[in-house]
Amino acid sequence: MAELAGESFFASAQFFSLTLYTIGFFSFPIHLFGGFCILFQTPESMKSVKWSMFNLHFWSSCLDLTVSLLTQPYLLKSTWSGIPYGILIKFGVPLSLQSYMVSTLFCLVAVSIITIFENRYFLIFAEHTWWRHARYPFLAINYILGLLYYLPTVLSVPEQSSAREIIFKEFPEFRALDTPSNPVYVLVLNNPWVSVRQIAMEATVVIETLIIVLLLKMKMKNVVKEMKMSESTAKLQKAFLKALYIQVSLPLLVILIPSAISVFSGILGISTQSVNNLVYITFSCHGLVSTIVMLTIQMPYREFCMGMVGKSDKRQRKVTVSNISARSSTQVTTF
C-alpha cells in the first residue's frame, strides 16, 4: 500500500486497514455471542421483542463486519472516491457492489431501529386498531426503499479512467495510491442528486423515528391518566423503553460525533485524511458498541453474562401485570 506524501502514519492506508482488521476480528465473536443471547437467553417475558431485537442486532453486526473486514473503504478526503482494502477485493468482487453493500446495510440498520420502536408501539397501544393492518405496508415500504435507495448512485457511476484523471488533477497526491490491481474508484463526479437523496433518506429516518418515539411517550402518559394502565405497569414499560433508547442512542453517537467532526472540518477547510480515517474507523465500531450496550443494559443478558463468570445480579425481578392488549397477562422484566 502506498502512502500519501506529507501525511502522517495515521492518515495512511496501512494504519487504516490494520486498525479495521483488528476491530473486525475482535468484534466478530462478540457479535456471535450477542446473537446467541438474543436467540437462546431471551426470557418468555421479552418474547414479543425478541425478533425485532435480533433484526437490529443482525443488520448492525453485518454493517460492522462489512466495513471492518469485507470492504474497508479508504475514502479520499474531499471527494466521492476511495480504495477498498478489505477481503472482498481479494476475491474480485466489483467495487460497485461493495459500495452498494455498505450504503444499503446502513439503511437497513436505520430501518431496523424504526422497526423495533414500531413493534413496541404496536404491542402496547395499537394491537386492536387500524394500525395492525397499516403497519405491514409501512414496514415493507421502508425495507424496499432501504434496498433501492443506493441503486441510482451505483447505476450512475462515471467512466473510471476519465473520472480518475479529474480527481488526480485536483488532488495529485492521490495518484500515488492508484495501482493497476486496486485502482482508485470514483463513485460520484458532479452529481448533486446523490447528496439530495442522502439528505432525504436521513430526514425520513429521523422523522419516522421521532414520530413513533413521541407517540410512545404521549400514549404512555395518557393511559396512566385515564387509568387504562396501572402506574407500576407503566413504570415497567417505561423502564424497558428507556433501555431501548440507550441501546439505540449510544451506538448512534459513535457515528454522529465523528461524522459531525468530518463535516465541520470540511466546511472550515481543514479536512485531512487522518480525520477521514477516524470517521470510518469509529463508524466500524457501531455494531460492537451496540452489542456491548445490549448485553450490559438488558437485564436477562447481563444476568447470563455475570453467571458465566461466577457472579449473579440480584436486582432482577419479575412481576405479572395486566397487559392493555387482549392478552390475559404478561410477565415484564424490569431493568
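A salt bridge here is a side-chain nitrogen of Lys or Arg within 4 Å of a carboxyl oxygen of Asp or Glu. Keep that in hand for the first exercise, and remember throughout that this is a predicted model.

**Exercise 1. Find the salt bridges and say how each pair sits relative to the surface.**

Solution. Start with the count: there are three salt bridges in the structure. As background, side chains of opposite charge can pair when their charged atoms come close.

Step 1: look at Lys 47 and Glu 44, whose side chains meet with 3.0 Å from N to O. Lys 47 has 53% relative accessibility, so it counts as exposed. Glu 44 comes out at 57%, so it is exposed too.

Step 2: go to Glu 118 and Arg 135, where the closest N and O atoms are 2.8 Å apart. Glu 118 belongs to helix α4 and Arg 135 to helix α5, so this bridge ties together parts that are 17 residues apart in sequence. Both partners are buried.

Step 3: finish with Arg 175 and Glu 165, with 3.3 Å between their closest N and O atoms. Arg 175 is in the loop between α7 (160-170) and β3 (185-186), while Glu 165 is in helix α7, ten residues apart. At 42% relative accessible area, Arg 175 is partly exposed, and Glu 165, at 41%, is also partly exposed.

**Exercise 2. Check the length of helix α5 (residues 131-148), then work out how its buried residues are arranged.**

Solution. Step 1: take 1.5 Å a residue; the 18 residues of α5 should then span 26 Å. The C-alpha atoms at its two ends are 25 Å apart, which agrees.

Step 2: list the buried residues of α5, which are Trp 131, Arg 135, Leu 139, Asn 142 and Gly 146.

Step 3: look down the helix axis. Those buried residues fall within an arc of 70°, so they line one face of α5. His 133 and Tyr 136, on the other side of α5, are exposed.

Step 4: link back to Exercise 1. Arg 135, on the list of buried residues of α5, is the salt-bridge partner of Glu 118.

**Exercise 3. Repeat the face analysis for α7, and say which strands its buried residues pack against.**

Solution. Step 1: the buried residues of α7 are Gln 160, Ala 163, Arg 164, Ile 167 and Phe 168. Their arc, seen down the axis of α7, is within 135°, so they line one face of the helix.

Step 2: turn to the other side of α7, where Lys 169 and Glu 170 are exposed.

Step 3: follow the buried residues to their partners. They pack against β2 (81-84) and β3.

**Exercise 4. Describe the largest nonpolar core, and pick out which element gives the most to it.**

Solution. Step 1: this core has 50 residues, and the members that touch the most others are Met 53, Phe 117, Tyr 121, Phe 125, Leu 216 and Tyr 301.

Step 2: see where the members come from. Two or more residues each are supplied by α1 (13-40), α2 (47-71), α4 (95-126), α8 (192-225), α9 (231-267) and α11 (286-297). The top contributor is α4, with 17 residues.

Step 3: zoom in on Met 53. Not counting residues up to four places away in sequence, Met 53 touches Ile 38, Met 46, Ile 116, Gln 247, Met 294, Gln 298 and Tyr 301.

Step 4: don't miss the other core, which lies apart and has 19 residues, including Ile 23, Tyr 74, Val 186 and Cys 285.

**Exercise 5. Compare the surroundings of Thr 291 and Thr 272: is each one buried or partly exposed?**

Solution. Step 1: Thr 291 lies in helix α11 and has 1% relative accessibility, so it counts as buried. Leaving out neighbours within four places in sequence, its contacts are Ile 30, His 31, Gly 34, His 57 and Ser 61.

Step 2: Thr 272 sits in the loop between α9 and α10 (273-283). Its relative accessibility is 28%, so it counts as partly exposed. Its C-alpha atom is 6.3 Å from that of Lys 77, although the two are 195 residues apart along the chain.

**Exercise 6. Sum up the whole chain.**

Solution. Step 1: count the elements, twelve helices and five strands.

Step 2: of the 335 residues, 47% count as buried.

Step 3: among contacts with a separation of 6 or more, 73% join residues 24 or more positions apart.

Step 4: the accessible surface is about 16900 Å², with 69% of it belonging to carbon and sulfur atoms.

Key. Residues numbered from 1 in each chain as written. Predicted model: local features only at pLDDT ≥ 70, side-chain atom pairs only at ≥ 80, totals over all residues. Heavy atoms only, no water. Core = buried A, V, L, I, M, F, W, Y, C linked by side-chain atoms within 4.5 Å. Buried < 20%, exposed > 50% of the residue type's maximum accessible area, 1.4 Å probe, protein only. Helix = DSSP H or I, 4+ residues; strand = E, 2+ residues; numbered from the N terminus. Contact = heavy atoms within 4.5 Å. Expected span 1.5 Å × (residues − 1). Arc of directions from axis to C-beta. Areas by Shrake-Rupley, 256 points an atom, 1.4 Å probe, with all protein chains shown as cover.
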